[in-house]
Amino acid sequence: MSMPALFKGRLSIPVIGSPLFIISVPDLVIAQCKAGIVGSFPALNARPAALLDEWLVQIKEELATYDKAHPERPSAPFAVNQIVHKSNNRLDADMALCEKHKVPMMITSLGAREELNQAAHRWGGIVFHDVINQKFAHKAIEKGADGLILVCAGAGGHAGEISPFAFVAETRAWFDGPLALSGAIGNGRAIRAARVLGADFAYIGSAFIATTEANAVPGYKDMITTSTAEDIVYSNLFTGVHGNYLKPSIVAAGMDPDNLPESDPSKMNFGTDASGERAKPKAWKEIWGSGQGIGSIPKVVPVAELVARFKREYDAAIDPAL
């Protein structure tokens, strides 16, 4: 396993906070980085598009101030997620801003583009690409990605269907670069398990929805803390790509979670409308995504408290047979 130089001496635990649609904003990212994990956000969360410049300035300035005050424990790096799908009509402009600010890490989704990877490398950044199978994993590395995010069964958002036991083992058979593992990771023991399997990082999203810094409505945060793995529904209805969603939010929207129709993948859209808002059907506004690991998230807490708990559990997670 390999740990890129970007992260050395800057992580309290080997965790990347995944970019969450709407939810990941500067307050959350900054809190994650100060707590010693990689904080990230989708570029498309900055709306209108000009706001992305302001967000990057804010994140860089606040982390620089923190690092000056804590030279013995500097903040973790941050990352920007880019949706590479052809419907994202902001990609070129958003990449130009990432270049302007020399964003240290990019996370790419829904497509691998060689020119994007090359651009990040020119300014000194690294690129992790999220994948759900070996076909996409090979393609990402062939096109110049530095690392892979293996999105396994049980992950929130656009989840995969492969067990982490199989996915990590098969990937490590041909790739010795940095790996992040996503899928139902909600406590420090699961972070340790990801490392034992052969991943360098745990990639965690849903747990951070239930934090005070997250840009989620109170009902969403509360639903995370009161739901379990059995409350997760896997469907492609809402975006055209299969993902995991909270069953109570589907019921609240007047639908039967056990009888959802299939969507046409060709209709998926990750662009923006004329006002610069990210396109999303209003009918799905309160359909809330989540992974299966939320049974380990009992209450809403600040990011620092959640990461501290993860660290205690991670440090204590040893094989009792040893």
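Let's start at Pro48, which counts as partly exposed because its relative accessibility is 48%, short of the 50% that exposed residues must exceed. Keep in mind that this is a predicted model. Pro48 sits in the loop that runs between strand 2 (39–42) and helix 2 (51–69). If you'd like a sense of distance, pick out His158 as well: the two are 110 residues apart in sequence, and their C-alpha atoms are 24 Å apart in space.

Step from that loop into helix 2 and you can find Tyr66. Is Tyr66 buried or exposed? Its relative accessible area is 10%, so Tyr66 is buried, the limit being under 20%. Setting aside neighbours within four places in sequence, Tyr66 is in contact with Lys34, Arg73, Pro74 and Ser75. Ile22, on the other hand, is 25 Å from Tyr66, C-alpha to C-alpha, with their positions 44 residues apart in the sequence.

Now zoom out to the whole chain. The protein chain has ten helices and ten strands. Its radius of gyration is 18 Å, close to the 20 Å that the globule rule gives for 322 residues, so the chain is as compact as a globular protein of that length. Along the principal axes, the C-alpha trace spans about 55 × 50 × 40 Å. Buried residues account for 53% of the 322 residues. And if you take the contacts between residues at least 6 apart in sequence, 65% of them join residues at least 24 apart.

What about the inside? The largest nonpolar core holds 48 residues, and Leu150, Ile191 and Ile204 are the ones that touch the most other members. Helix 10 (residues 303–316) gives the most to this core, namely five residues. Apart from it lies another core of 26 residues, including Cys33, Phe41, Phe78 and Met106.

Ile191 is a good one to click on. Not counting residues up to four places away in sequence, Ile191 touches Ile13, Pro14, Val15, Ile185, Ala202, Ile204, Phe310 and Tyr314. Tyr314 has another partner worth a look: Arg192 lies over the face of its ring, at 3.9 Å from the ring centre.

That brings us to rings in general. A pair of aromatic rings is described by the distance of the centres and the angle of the planes. With ring centres required to lie within 6.5 Å, the count comes to eight aromatic pairs. In one of them, Phe238 and Tyr245 have ring centres 4.9 Å apart and planes at 70°, so the pair is edge-to-face. Both Phe238 and Tyr245 are buried. Elsewhere, Phe7, Phe128 and Phe201 form one aromatic cluster.

Last stop: helix 4 (residues 114–122). Which of its residues are buried? They are Leu116, Asn117, Ala119 and Ala120. Look down the axis of helix 4 and these buried residues fall within an arc of 160°, so they line one face of the helix. An α-helix has 3.6 residues a turn, so residues three or four places apart point the same way. The buried residues of helix 4 pack against strand 3 (78–83), helix 3 (91–100), strand 4 (105–109), strand 5 (126–131) and helix 5 (134–142). Just after helix 4 comes Gly124, which takes a positive phi of about 95°.

Technical notes
Residues numbered from 1 in each chain as written. Predicted model: local features only at pLDDT ≥ 70, side-chain atom pairs only at ≥ 80, totals over all residues. Heavy atoms only, no water. Helix = DSSP H or I, 4+ residues; strand = E, 2+ residues; numbered from the N terminus. Buried < 20%, exposed > 50% of the residue type's maximum accessible area, 1.4 Å probe, protein only. Phe/Tyr/Trp six-rings, centres within 6.5 Å; stacked < 30°, edge-to-face > 60°. Lys NZ or Arg CZ within 6 Å of the ring centre and 35° of its normal. Core = buried A, V, L, I, M, F, W, Y, C linked by side-chain atoms within 4.5 Å. Contact = heavy atoms within 4.5 Å. Arc of directions from axis to C-beta. Rg over C-alpha atoms; globule rule 2.2 N^0.38 Å.
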